[in-house]
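Me: Could you take one part of this model and walk me through it closely? I'd like one connected story rather than a tour of everything.

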Amino acid sequence: MWWWYSQEFLNLIREEGIKLASIIKGLRILRGYTQEDVANAIGMTSRTYCKKESNPDLFTIGELRRLSFLLEVSEETFFKSELIVNVS
């Protein structure tokens, strides 16, 4: 199953206070990973990952690439105005 989020929907959820941090967290949970799982997979400590998940601006491009691979989304997911997520 695919979910498609339009620019209007993304604007709405941003207005409600849901930010990229929530999208990353939601994708992580959707894939069944803990913060520790993701931290180990992308090569950082759990503490560092936790900080970066809460403030995604701290991620490097390389970290976002590894994160996108692990979460099974395109790298552009973190930069696009539309979000498509495979939940199957």
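What follows is a close look at one helix, what it packs against and what comes after it.

Reply: Sure, let's go with helix H2, residues 20–30, bearing in mind that this is a predicted model. Start with what is tucked away: the buried residues of H2 are Ala21, Ile23, Ile24, Leu27 and Arg28. Around the helix axis they span an arc of only 165°, so they sit on the same side of H2. The general background here is that an α-helix has 3.6 residues a turn, so residues three or four places apart point the same way.

Now for the partner. The axis of H2 comes within 7 Å of the axis of helix H4 (residues 46–54), and the two cross at roughly 125°. Angles over 145 degrees would count as roughly antiparallel and 65 to 115 as roughly perpendicular, so H2 and H4 end up oblique to each other. On the H2 side, the contact is made by Ala21, Ile24, Lys25 and Arg28, and these meet Tyr49, Glu53 and Ser54 in H4. Sorted by type, the residues of this contact come to 3 nonpolar, 1 polar and 3 charged. Ala21, Ile24 and Arg28 turn up among the buried residues of H2 and also in the contact with H4.

Then there's what comes after the helix. H2 is followed by Gly32, which has a positive phi, near 85°. Gly32 lies in the loop between H2 and helix H3 (35–42). With a relative accessible area of 56%, Gly32 is exposed. Gly32 also has a C-alpha to C-alpha distance of 9.6 Å to Leu71, although the two are 39 residues apart in sequence.

Conventions. Residues numbered from 1 in each chain as written. Predicted model: local features only at pLDDT ≥ 70, side-chain atom pairs only at ≥ 80, totals over all residues. Heavy atoms only, no water. Axes fitted to C-alpha atoms, helices over the stretch in contact; angles between N-to-C directions. Helix = DSSP H or I, 4+ residues; strand = E, 2+ residues; numbered from the N terminus. Parallel < 35°, antiparallel > 145°, perpendicular 65-115°, else oblique. Contact = heavy atoms within 4.5 Å. Nonpolar A, V, L, I, M, F, W, Y, C, P; charged D, E, K, R; others polar. Buried < 20%, exposed > 50% of the residue type's maximum accessible area, 1.4 Å probe, protein only. Arc of directions from axis to C-beta.
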